[in-house]
Amino acid sequence: MTQKAVDRRQFLKTMALAGVSIAGMGTLAGCSAGATNPAPQPAQAGPEWKEETDVVVIGSGFAGLAAALEVLEAGSQVIILEKMPVSGGNSAINGGDMCCANTKMQKAAGVEDSVELMVADMLKAGGNINHVDKATLVAEKSNEALEWCQNYLGMKFREKLNYHGGHSVLRAHQSEEASGSGYIKAMLAKLEGKGISVSNNRKFVRFIENDEKRIIGVEVLDGYKYGNESSGTPLLIKARKAVIIASGGFSQDIRMRTIHDPRITDKFSSTNHLGATGEALREALKHEAMDVHMDWIQLGPWTSPDEKGFGYVPQFVERLVGFAPMIDIKTGKRFIMESGNRKVRADAIIALGEPGIHVADEYAVKLQILPQILEGAMGNGSIKKYDTLEEVAKAYNVPVEPFLAEIKRWNSFVLKGKDDDFNCMIMEGAKPTEQGPFYVTRMWPKVHHTMGGLMTNLHTQVINQDFEPIKGLYAAGEVTGGIHGAVRLGGVACTDCIVNGRISGQEAAKAEAWG
């Protein structure tokens, strides 16, 4: 058989799978110019579906599982696809914080907050390029999302609220496990109780659309093994109502992220799981989806070069903001507002040209750091302990006298509750950094969150290049853009994913079935 014949057969097969009429296509495959009245072609069958359901969800993180649960609650069927061997994605490996406004826990702690203040904080951090309606939706439904986790999922949260840089008040509610795995385990258990499990090792390949450009299903590789792109058996899954993309961001795809920000090369590692590579987002763009804010890629300023991935250090550094100073090892002095947003701090650390250090004393560490976090970080060497500040200076080659003078200056700010140098928030309960032993970690940014993604409306429908919803296609979570603007505030990703994941499931479940 000639190569031309093979190419023609593959072309016709592809067109048939897409639901496109191929009658008369012979004239496009090399028939002679003089041929007339070609023989009629037999009618082609539609896609050969191996499975079918009402809604297909791509991804098993916060957004995907929340969406799947809402689909089931609405009485529809769902299949959840996950290319990795374990469920949860990035959602399972974060610190478990969910930022919400006007909650019972805030009121009990005497924290005055409001939807308006949360939105104002998001817009300030986001450089006011956030889509205000989307940011407002997340803030308005944040408390509802928290109570859904508590009452519907049965989750437990720590009584102590946490702070993240860029927020005006304490509004981070942390799972009892101090990890996003607390949410994932609760969602998986709820799904299991409904007889549903995640289809792991199934890699999404492409969307199937009909003549009206409605998304009617997906092609997947069943039995896919991560890292082996020739693995898995292709099969088609019919989605009678809709497909929801909840596949996360693209922080681990170096080629993709450097297209949008050439500075973020392979010299920066990532906090993300290995599967955060953006295939579903790119496939949606092939189907005329609109994108937004793709150039805005966030680096976490609280990560350590001395441990892999997300690790333990983010829950050391972020918990000590406003309790302990960050130091430039070349000068021995502070260099940034510790309570600033992520971009402010990450840019400042990068400008140093080498890692900065965060230095805290015994009092602050015992007050703010969970024992399992400290134990894990000291176990892997990313946090070290020293008896005196002089030992700290020697270990990190910091000029001793300027360093000791800077700690003394920081302590004076703590005593009067005001930072005259960088306007860092001095947290309630903070004391001067003087009680040994001292705990130190090195900080160097890692790629953490891609703020850009698919453009959606408030119903989570994906918008096309004509500014209209793509029929049968919804998206939620980090795969979407517009909510966070230039900088995402800590703890708002979980809120975004659960709020919009639930909406996507509700909307997809009530969509009219195509067949």
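This is a short tour of the structure above, stop by stop, with something to select at each one.

**Before you click**

You're looking at a predicted model, where local features need pLDDT of at least 70, side-chain atom pairs count only at pLDDT 80 or more, and totals for chains, interfaces and linings use all residues. Residues are numbered from 1 along each chain as its sequence is written, and side-chain values use heavy atoms, with hydrogens and water left out.

**Stop 1: the two domains**

Colour 51–297 plus 448–510 as domain 1, and 302–444 as domain 2; these bounds come from an automatic or database domain assignment. Their C-alpha centres are 32 Å apart. Domain 1 puts 25 residues into the contact and domain 2 puts in 22 residues, with contact meaning heavy atoms within 4.5 Å. About 1800 Å² is buried between the two domains, and carbon and sulfur atoms give 56% of that. Buried area here is the accessible area (1.4 Å probe) that two parts lose on being put together, summed over both.

**Stop 2: the largest core**

Now select Phe 207, Val 218, Val 243, Ile 245, Phe 316 and Leu 454: they have the most contacts inside the largest nonpolar core, which has 68 residues. A nonpolar core is a set of buried Ala, Val, Leu, Ile, Met, Phe, Trp, Tyr and Cys residues joined through side-chain atoms within 4.5 Å. Buried means under 20% relative accessible area, exposed means over 50%, and partly exposed is in between (1.4 Å probe, protein chains only). Strand β7 (residues 233–245) gives the most to this core, five residues. Helices (H or I, at least four residues) and strands (E, at least two) are DSSP runs, numbered from the N terminus. Both domain 1 and domain 2 give residues to the core, so it lies between them.

A second core lies apart from this one; it has 48 residues, including Val 55, Ala 66, Leu 137 and Cys 494.

**Stop 3: Val 243 and strand β17**

Zoom in on Val 243. What does Val 243 touch, not counting residues up to four places away in sequence? Show Val 56, Ile 58, Phe 207, Ile 215, Gly 217, Val 218, Gly 472, Leu 473 and Tyr 474. Leu 473 also stands opposite Val 243 in β17. β7 and β17 pair in the parallel sense over three bridges; two strands pair if DSSP finds at least two bridges between them.

Select 469–475 to see the whole of β17, where five of the seven residues are buried. Strand β16 (residues 461–463) runs antiparallel to β17, and two bridges join them. One bridge partner to click is Pro 469 in β17, across from Ile 463. The hairpin of β16 and β17 has five residues between the strands, and in it Phe 467 takes a positive phi near 65 degrees.

**Stop 4: helix α4**

Next, select 115–125, which is helix α4; its buried residues are Val 115, Met 118, Val 119, Asp 121, Met 122, Leu 123 and Ala 125. Those buried residues pack against β3 (97–99), α5 (132–140), α6 (142–152) and α16 (492–509). After the helix comes Gly 127, with a positive phi near 70 degrees.

**Stop 5: an open sheet**

Find the open sheet of four strands, which pair antiparallel in the order β10-β11-β13-β12. β10 (326–327) and β12 (383–386) are at the edges with a single partner strand each, so one side of each has no neighbour in the sheet. Two antiparallel bridges pair β10 with β11 (residues 356–361). To see a partnered pair, pick Ile 327 and Ile 357 in β11.

**Stop 6: two buried polar residues**

Go to Glu 338, in the loop between β10 and α11 (342–352). Is Glu 338 buried or exposed? Glu 338 is buried, at 0% relative accessibility. The Glu 338 side chain makes a polar contact with the Arg 334 side chain at 2.7 Å. A polar contact is a pair of N or O atoms within 3.5 Å; within protein, one must be able to donate a hydrogen and the other to accept it, and residues adjacent in sequence count only if both atoms are side-chain atoms. Cys 424 is 86 residues away along the chain, yet its C-alpha is 5.8 Å from that of Glu 338.

Last, select Asn 411 in helix α15 (residues 400–416). Asn 411 is buried, with a relative accessible area of 10%. A polar atom of the Asn 411 side chain lies 2.6 Å from the backbone nitrogen of Thr 433.
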